[in-house]
Amino acid sequence: MQVNMRQERRRVGRQLYSLCWQSDDGMTRNADARGIDLSRSGIRVSSPQTIAVETVVFLRGQGGDTLNGNAVVRHCLSHGDSYAIGMAFHEETKSTVTFPEDADINYYTFLQVSPKADWPTIHRIYRIMASRFHPDNPETGDPDKFLILQKALETLSDPNKRSAYDSSLQSADAGPMPIFELSEFVNGIDGEVNRRLGIVSLLYNRRRTSPHSPGISLLDLEKRMAMPREYLEFTIWYLKSKQYVTFGDNSELVLTAIGVDYVEATYPKIPVLQRLLDSGPSCATSSKSPQNGGTSPWPEKPLLPDPNGVGEN
């Protein structure tokens, strides 16, 4: 039975991989590629070379990554100066995939508390969430979330472990989210529309997961969206004029109540917005099976319709 990789949970991954394949002219080709995202059944990488669909590629992870084996190319799309290549693993390759379910989980974001929260606050939230997601709870039990809660408790309850964990978060490089590296966020009017969706999705996820610090600075937007602020000036002007966003007291951009209403009213209508929101940080109240990214092409001409229906096609 063929697995639909679009329905599998994906982990964002920036690891390096060595690729080796035989081209149509019979020559053996090699390239280094950087990961975009990964599931148990396949991978998407950014490669400087194009590879024909249905080509069998041998992959080997670098820097300690255990991935090692063959995969078949399912799609190859232009991705700026490189190519986004989606591949499905052969059965024997799947056993080499290391895929920790909480590899990209920020425990504070997951619990929806500030990194400065005291231990009694964290423990109180843990007890409530653990009761809800315990596997024995027939209504709301969720073993995956319960396991993450246990790991969060183990880390944050120990002062030494928490200190080391906080240091690792501070030193982590907040690089661009892979979803924003697609050309659909740069080119033409569609790129402008997608940038608007990108900003409101980032701000919505930030306000939802960090209600006590809901703002994002322009510098952080530049990093996360992989775009200079000059590309975002028109976008921000439009969103401010619509009263979807505003600048807070600390000059950070924040989502307004009107912006929240817009996101929630249009979420079911716009696939691009759905993917952007689902690619954000996971928290305990997220949907049970978030789809972080995907391998399907973007829908044609994504729109930014008025929530009241004005201007919809």
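**View 1. The whole chain, with its 10 helices and 9 strands**. Helices here are DSSP runs of H or I with at least four residues, strands are runs of E with at least two, and both are numbered from the N terminus. You're looking at a predicted model, where local features need pLDDT of at least 70, side-chain atom pairs count only at pLDDT 80 or more, and totals for chains, interfaces and linings use all residues. Residues are numbered from 1 along each chain as its sequence is written, and side-chain values use heavy atoms, leaving out hydrogens and water.

**View 2. What's tucked away and what shows.** Of the chain's 313 residues, 45% are buried (under 20% relative accessible area, with a 1.4 Å probe and protein chains only). About 16300 Å² is exposed, and carbon and sulfur atoms supply 50% of that (areas by the Shrake-Rupley method, 1.4 Å probe).

**View 3. Helix 6, residues 188–209**. How far apart are the end C-alpha atoms of helix 6? They sit 32 Å apart, which agrees with the 32 Å that its 22 residues should span at 1.5 Å a residue (the expected span is 1.5 Å times one less than the number of residues). Helix 6 is mostly covered, too: 16 of its 22 residues are buried.

**View 4. A close look at S47 in strand 4, residues 42–47**. S47 has a relative accessible area of 0%, so it counts as buried. Leaving aside residues up to four places away in sequence, S47 touches L19, A31, A33, S82, Y83 and I85 (a contact means heavy atoms within 4.5 Å). Its side chain also reaches the backbone oxygen of Q49, at 2.9 Å.

Key. Buried < 20%, exposed > 50% of the residue type's maximum accessible area, 1.4 Å probe, protein only. Polar contact = N/O pair within 3.5 Å; in protein donor to acceptor, adjacent residues only side chain to side chain.
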